[in-house]
2 protein chains.
Amino acid sequence: MVTMLDIIQKKKGNLKHTKSELKFLIDGIVNNSIPDYQLSAWLMSVYFNSMDLEETSYITKLMMNSGDVLDFSDVGDIIGDKHSTGGVGDKTTLVFVPLMAALGLPMAKLSGRGLGFSGGTIDKLEAIPGFNATLTSDQFKQLVKKNKMAVSAQSQSLAPADGKLYALRDVTCTIDSMPLIAASVLSKKFASGTNLIILDVKCGKGAFMEDSKQAINLAKFMVDIGYRLNKHVLTVVTDMNQPLGYAVGNAIEVKEAIDTLAGNGPADLVELTLSLGSVALTKAKLAQNIDDAKLKITQAIQSGLALEYFAKLIQAQGGNSQVIENPKLMPQAKYIKTLTVNNNLGNELWISDVNGKIIAMAAKLLGAGRSFKGEKINLAVGIEVFVKIGQKVFINEPLATVYADTEDSLNIACDYVYKAVKFSLTEVETPPLILGSYE
Amino acid sequence: MVTMLDIIQKKKGNLKHTKSELKFLIDGIVNNSIPDYQLSAWLMSVYFNSMDLEETSYITKLMMNSGDVLDFSDVGDIIGDKHSTGGVGDKTTLVFVPLMAALGLPMAKLSGRGLGFSGGTIDKLEAIPGFNATLTSDQFKQLVKKNKMAVSAQSQSLAPADGKLYALRDVTCTIDSMPLIAASVLSKKFASGTNLIILDVKCGKGAFMEDSKQAINLAKFMVDIGYRLNKHVLTVVTDMNQPLGYAVGNAIEVKEAIDTLAGNGPADLVELTLSLGSVALTKAKLAQNIDDAKLKITQAIQSGLALEYFAKLIQAQGGNSQVIENPKLMPQAKYIKTLTVNNNLGNELWISDVNGKIIAMAAKLLGAGRSFKGEKINLAVGIEVFVKIGQKVFINEPLATVYADTEDSLNIACDYVYKAVKFSLTEVETPPLILGSYE
């Protein structure tokens, strides 16, 4: 009989777990028979000695099957999902879900609430008056069937082993382990019944992982787990040194998503949407190749179809779709201040840095993010930064707009913005957004 | 304000703890404000990234001061203590305490009960009818003052932070970490008011540490901690591949200790006693040098003074000192069987192995050791192995005597003994007992 002590001892000694050991572990988590102090010792051993592809694939499968597993077989063979490891100003999901649905790829998107500098997808959508992001499994499935899309807060009944492990990792400094990240993300996705998962692995100052090598390893690793569990996992590694798009907040990010679906999005967000969308559509055989897919995406935006689908998504979940024409129906900040390029270096300048971490801290300080689970966040506040690294700017040009609910936070956030943006007198290269794509 | 997450993060990242971090940690253990799952994550990080001399010295001091600290200043400037990291047949303390007291070095020995293949010092002494090894702090101090010696079970009020940490290490596979071992052993010793601590670090098949390099590192490390905390810590690294002396059990080990104090001890136990005793007496300035100390020890044994002190120790703690003349007053086994050298290799043989681990397993199987805290052990049973590696033996010569309380266990233990002892047709070198001595 295997014991938890044997399991800790093995991983501590850098040995590979057997399937029965991993089963003992996940069963023990589900039925609460393994004390937290033993789990956390094991987690820390995994942090140091890792798990290989075979171990991680198997534990992912066990975690996926530790609770309910949604079944969309009556909707179609391929059900899409999109996940980002989290970045500053990342509203891509809001654009991606209606766009893919419009092009025939059903999207069943379960999402978490944000913890950190800004809200998650669910929080952002709740800036839309009336929007209900807490669907039952049945409601969720019905909407995917009917409209080819739904977005809901994650149910506790999916992958409960991950829920418990994640909570423990969060309080024991064992979040940043590649096999634990991969198993956590993928077990939830697979349990939600999706089988074409587009993962955006962010790296840089504004992301969880700063190192691109690490991010690429994680991306490839998750693709490989997909193969072993018979799911399509597509990963794109993207730069997150500077914010994505302009807006960092909640209501202001929804507005930017609407602009993007209407064809007026920031270049980087449009590029990312095209990149993620084209690999997804091609894999789902809804486009012949990447170029064909990009063309279809562009047409869906230009024709207004993508925006129609966003309206449909909002209406189906009880929201007021008039926000599309009138974004001011969403929560509005009391204080709005636009900062300009104000620098005595010279008239002609290049942006050499827009520090995503500092912008994130400013957004958090304004109240756009939460520090602990369940904390209320302010949906109105945030920051729009209009400049990108490598961009040429002129003195007195608009630099950023800060949306605040108090004068104090407005002033501090403005200082942060000036700290985050750096200028150069000589030309600066534009860094690439997409660092790699793996399938 | 430091948090437990910061502390875990730091050690996980192989950074050095500050004094205030370590204070936060030990305070949190004492007042139960740090959850076990965070402590165990930290413990595992320490296993992987270790702690240096400065960190370990400071945490040892904090652990020592986490509860009562005994004060023997009215007894003398130097109070001796002796500790072994644990080995098979290690009854040295029973010999050492009365011997040192007889030569003028006060010995205040607090000891644990054994967990594993045989009893601890306290269990062994309880084989003496009437012996009370559970003294109050006051009784303990009075006896050290009056007789220059006392042996008692460790009080829970000394180094309680170590008690809690040790219990957690035991169930999270984090026992085998050099800084954690050093801090645990030394904090208890220092809290018991002693300042001349002789540590016998065992290594080999029958010990906790198999690798001599590791054992030597631990020995030196503990000496260095002693300097930093202004205590004399003397360490001797000794071989524990084969059992120490002949007897492995409880009553039979007491008998062997009596024999040794009477001048009839096994050569290896005598050698170890001389080695540990001579460094202790020299350091305590009770002998001019090592040779002088060895002479004094030999004289104390030959004159009968050492044995008189053992009688005094027994009487002072309520025991029947007639066991010295009549060891049969101690618990006796029902079945006693002597095995002989029984080998068809040839008439003239050399012993090439006496596997301490296998002998230990046999003693445990007979009932001499315990598997869990509080388990009753059988004080009568055990094994005497009369041969040592490198010894020349002849066919039909006595090899071992097994003391059992059931026929079944007798038979299985005999099989184990035959498995533990290996013979060679060619001469085998006698391995050294003392591998190093550090102060």
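Buried means under 20% relative accessible area, exposed over 50%, and partly exposed in between. Keep these cut-offs at hand. The model used in these exercises is predicted.

**Exercise 1. Classify the ring pair of A:Tyr246 and A:Phe386, and say how exposed each residue is.**

Solution.

Step 1. Start with the total. The structure holds 7 aromatic pairs over all chains.

Step 2. Take the geometry of one of them. The rings of A:Tyr246 and A:Phe386 are 5.8 Å apart, centre to centre, with 75 degrees between the planes. Rings pair if their centres lie within 6.5 Å, and planes over 60 degrees apart count as edge-to-face. The pair of A:Tyr246 and A:Phe386 is therefore edge-to-face.

Step 3. Place the residues. A:Tyr246 sits in the loop between strand E5 (232–239) and strand E6 (247–249) of chain A. A:Phe386 sits in the loop between strand E9 (382–385) and strand E10 (392–394) of chain A. The two are 140 residues apart in sequence, so the pair ties together distant stretches of chain A.

Step 4. Apply the exposure cut-offs. A:Tyr246 has a relative accessible area of 29%, so A:Tyr246 is partly exposed. A:Phe386 has 24%, so A:Phe386 is partly exposed.

**Exercise 2. Describe the pair of B:Tyr246 and B:Phe386 in chain B.**

Solution.

Step 1. Read the geometry. B:Tyr246 and B:Phe386 form an edge-to-face pair, 5.8 Å centre to centre and 75 degrees between the planes.

Step 2. Place the residues. B:Tyr246 is in the loop between strand E5 (232–239) and strand E6 (247–249) of chain B. B:Phe386 is in the loop between strand E9 (382–385) and strand E10 (392–394) of chain B. They are 140 residues apart.

Step 3. Check exposure. B:Tyr246 is partly exposed at 31% relative accessibility. B:Phe386 is partly exposed at 23%.

**Exercise 3. Find which rings link into a cluster, and which Lys residues lie over a ring face.**

Solution.

Step 1. Follow the ring pairs. They link A:Tyr47, A:Phe48, B:Tyr47 and B:Phe48 into a cluster.

Step 2. Look at Lys over Tyr. A:Lys312 lies over the face of A:Tyr309, at 4.3 Å from the ring centre. B:Lys188 lies over the face of B:Tyr166, at 5.8 Å from the ring centre.

**Exercise 4. Describe the interface of chain A and chain B.**

Solution.

Step 1. Count the residues. Chain A gives 20 residues to the contact, and chain B gives 20 residues.

Step 2. Give the area. The size of an interface is often given as the accessible area lost when the parts come together. Here chain A and chain B bury about 1800 Å² between them. Carbon and sulfur atoms carry 71% of that area.

Step 3. List the polar links. There are 2 salt bridges between chain A and chain B. One of them joins B:Asp176 to A:Lys12, with the closest N and O atoms 2.5 Å apart. Across the interface, 9 residue pairs are in polar contact.

Step 4. Name the elements on the chain A side. Helix H1 (4–12), helix H3 (36–49) and helix H8 (160–170) of chain A each give two or more residues. H3(A) gives the largest share, with 10 residues.

**Exercise 5. Trace salt bridges that join separate parts of a chain.**

Solution.

Step 1. Begin with the total. The whole structure has 40 salt bridges over all chains.

Step 2. Take A:Asp268 and A:Lys388. Their side chains meet in a salt bridge of 2.8 Å, N to O. A:Asp268 is in helix H12 (residues 267–283) of chain A, and A:Lys388 is in the loop between E9 and E10 of chain A, 120 residues apart. Both A:Asp268 and A:Lys388 are buried.

Step 3. Take A:Glu348 and A:Lys392. This salt bridge is 3.5 Å, N to O. A:Glu348 is in strand E8 (residues 348–354) and A:Lys392 in strand E10 of chain A, so the bridge ties together parts 44 residues apart in sequence. A:Glu348 is partly exposed at 37% relative accessibility. A:Lys392 is partly exposed at 37%.

Step 4. Turn to chain B. B:Glu348 forms a salt bridge with B:Lys392, the closest N and O atoms being 3.5 Å apart. B:Glu348 lies in strand E8 (residues 348–354) and B:Lys392 in strand E10 of chain B, so this pair ties together parts 44 residues apart. B:Glu348 is partly exposed at 38%, and B:Lys392 is partly exposed at 37%.

Step 5. Finish with a network. Salt bridges link A:Lys16, A:Asp52 and A:Glu54.

Conventions. Residues are numbered from 1 along each chain as its sequence is written. Chains are lettered from A and ligands numbered from 1 in the order in which they are written. This is a predicted model: local features need pLDDT of at least 70, side-chain atom pairs count only at pLDDT 80 or more; totals for chains, interfaces and linings use all residues. Side-chain values use heavy atoms; hydrogens and water are left out. Rings of Phe, Tyr and Trp (its six-membered ring) pair if their centres lie within 6.5 Å; planes under 30 degrees apart count as stacked, over 60 as edge-to-face and the rest as tilted. Helices (H or I, at least four residues) and strands (E, at least two) are DSSP runs, numbered from the N terminus. Buried means under 20% relative accessible area, exposed over 50%, partly exposed in between (1.4 Å probe, protein chains only). A charge sits over a ring if NZ of Lys or CZ of Arg is within 6 Å of the ring centre and within 35 degrees of the ring normal. Contact means heavy atoms within 4.5 Å. Buried area is the accessible area (1.4 Å probe) that two parts lose on being put together, summed over both. A salt bridge is a side-chain nitrogen of Lys or Arg within 4 Å of a carboxyl oxygen of Asp or Glu. A polar contact is a pair of N or O atoms within 3.5 Å; within protein, one must be able to donate a hydrogen and the other to accept it, and residues adjacent in sequence count only if both atoms are side-chain atoms.
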